[in-house]
Amino acid sequence: QVGALIGACGGTRVLIHYGGSSAVKSGLLDRVKASLEKEVVPYALLGGVQPNPRSGLVVQGIELCRRENIDFILAVGGGSVIDSSKAIAAGTVYDGDFWDFYTGKRIEKALPVGTVLTIAAAGSEGSPDSVITKEEGMFKRGASGDAIRPKFSILNPALTQTLPPYQTAAGITDIMAHLYERYLTNSKEVEVTDRLIEALLLTMIHEGPRVIENPDNYDARANIMWAGMMAHNNAVGVGRSQDWTSHDIEHELSALYDCAHGAGLAVTLPANFTYVMHHDVMRFAKVAVRVWGCQMDFDHPEVTAKAGIEALRNFFISIGMPKNFAELGAKEEDIPKLVDSLCYGNGRQGSISGFTTLSAEDCANVYRLMV
Ligand code: NZQ
Ligand code: ZN
């Protein structure tokens with residue numbers, strides 16, 4: 001259907017952007033090309049997006065789109081391909097350096113983007129965000145704007161059946177992180193969105209192990225894919241403040257070590273939650289009881305809160321995710337470098353904020369908890 005969908009969105013000259021090899025090997029890229037050819041939509045190709053996508057390929061894509069008068073970008077792949085496509089879409093119609101958007105300038109205008117998703121994870125298929133790593137300095141930063149939210153996304157669970165178990169698990173972890181980052185709020189009386197987030201977390205806890213056990217389980221893949229979209233298109237985050245410090249902390253890990261974003265989050269979330277738990281211990285106790293089935297200890301709610309964090313940690317371990325720096329391939333001696341880039345790099349002012357504000361010293365302490 002992709003050729004017809006692009007036509008319906010007014011696309012007449014398309015850039016098909018894709019990753020390393022998975023979409024070629026599975027035959028998906030050929031199917032996409034055939035669909036465009038059937039609708040007589042001319043296209044150019046740009047492959048080679050790597051996980052944790054880089055600025056260099058974005059610049060190449062921008063030049064190609066201008067040269068070829070491209071008016072629609074089709075991402076075929078995962079979050080990395082989609083984010084690279086979004087960066088190219090915004091950069092092509094902008095006079096300045098596209099990196100301006102990754103230092104705080106909001107994206108107001110972009111070429112339209114559509115996606116054929118091949119991994120349930122980042123949620124970029126429904127989000128107005130893009131995360132790119134700038135090769136000079138290796139800064140991994142995000143940009144935002146509704147102009148880059150995809151015009152359509154094709155979510156076919158069968159396309160995710162070729163994923164290796166590690167990538168499947170990293171995706172599950174990322175989806176759960178997007179739910180937790182929204183759950184950790186300072187807004188009061190947000191029961192509707194609390195309950196929606198809890199429902200999605202329960203779904204992930206049920207479906208995750210099923211798909212790890214049997215990668216061909218279409219139904220589990222389908223539920224996870226839909227949860228991934230719901231987790232990050234902000235349907236469950238409306239009207240509430242959100243956290244995102246865990247994502248900031250993790251992005252330094254995947255920037256420095258090129259690890260999978262989800263794997264970095266599996267190590268980051270339990271550490272950061274343990275560190276910030278006392279900011280609102282009842283919120284952590286609530287998720288522990290409602291999602292993880294922990295017993296509420298009214299005299300010592302911190303005991304319940306901690307049990308919920310341990311249950312989350314053990315869940316990540318059970319699906320094959322790393323539990324500490326060593327398993328992730330990170331090094332304790334790099335902590336000053338990680339903190340420096342996190343809190344001072346690329347225009348930051350010495351701290352990060354969300355659920356709480358974390359100073360450089362706080363961030364160093366969080367990284368130390370991961371060792
Ligand atoms: O490059 P190929 O060969 O396609 O291989 C990919 C890649 O190695 C492989 N893969 C994808 N679909 C496959 C497959 N292998 C076999 N069968 C399939 N069906 O999986 C590997 C990982 O792909 P990637 O696109 O990097 O994964 P993901 O979707 O997890 O994206 C991660 C990126 O998204 C960012 C992350 O920071 C990271 O850079 N994020 C983007 C967000 C957003 N835009 O809203 C929010 C997230 O929080 C996240 O930060
Ligand atoms: Zn994420």
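In this predicted model, the zinc ion (ligand 2) is held by four protein donors, namely D174 (OD), H178 (NE2), H247 (NE2) and H261 (NE2), at 2.0 to 2.2 Å. Along the chain these donors follow the spacing D-x3-H-x68-H-x13-H. The site thus brings distant parts of the chain together: H178 belongs to helix α6 (residues 165-183) and H247 to helix α9 (residues 245-257), 69 residues apart. Are these two histidines buried or exposed? H178 counts as buried because its relative accessibility is 2%, and H247 is likewise buried, at 6%.

Charged side chains form a further topic. Side chains of opposite charge can pair when their charged atoms come close. Across the whole structure, 19 salt bridges are found. The table lists three of them, including the distance between N and O atoms.

| Salt bridge | N to O distance |
|---|---|
| E68 and R13 | 3.7 Å |
| D146 and R149 | 2.8 Å |
| E361 and R368 | 3.7 Å |

The bridge between E68 and R13 links distant parts of the chain: E68 lies in the loop between α4 (55-67) and β3 (72-77), R13 in the loop between α1 (2-8) and β1 (14-18), and 55 residues separate them. E68 is partly exposed, with a relative accessible area of 30%, and R13 is partly exposed at 33%.

In the pair D146 and R149, R149 is partly exposed, at 27%. For the bridge of E361 with R368, E361 counts as partly exposed at 48% relative accessibility, and R368 counts as partly exposed at 43%. Elsewhere, salt bridges with shared partners join E191, D194, R195, E198, R240, R283, K286 and R290 into one network.

Terms used
Residues are numbered from 1 along each chain as its sequence is written. Chains are lettered from A and ligands numbered from 1 in the order in which they are written. This is a predicted model: local features need pLDDT of at least 70, side-chain atom pairs count only at pLDDT 80 or more; totals for chains, interfaces and linings use all residues. Side-chain values use heavy atoms; hydrogens and water are left out. Donors are N, O and S atoms within 2.8 Å of the metal (3.2 Å for Na, K and Ca); water is not among the atoms, so sites may look incomplete. Helices (H or I, at least four residues) and strands (E, at least two) are DSSP runs, numbered from the N terminus. Buried means under 20% relative accessible area, exposed over 50%, partly exposed in between (1.4 Å probe, protein chains only). A salt bridge is a side-chain nitrogen of Lys or Arg within 4 Å of a carboxyl oxygen of Asp or Glu.
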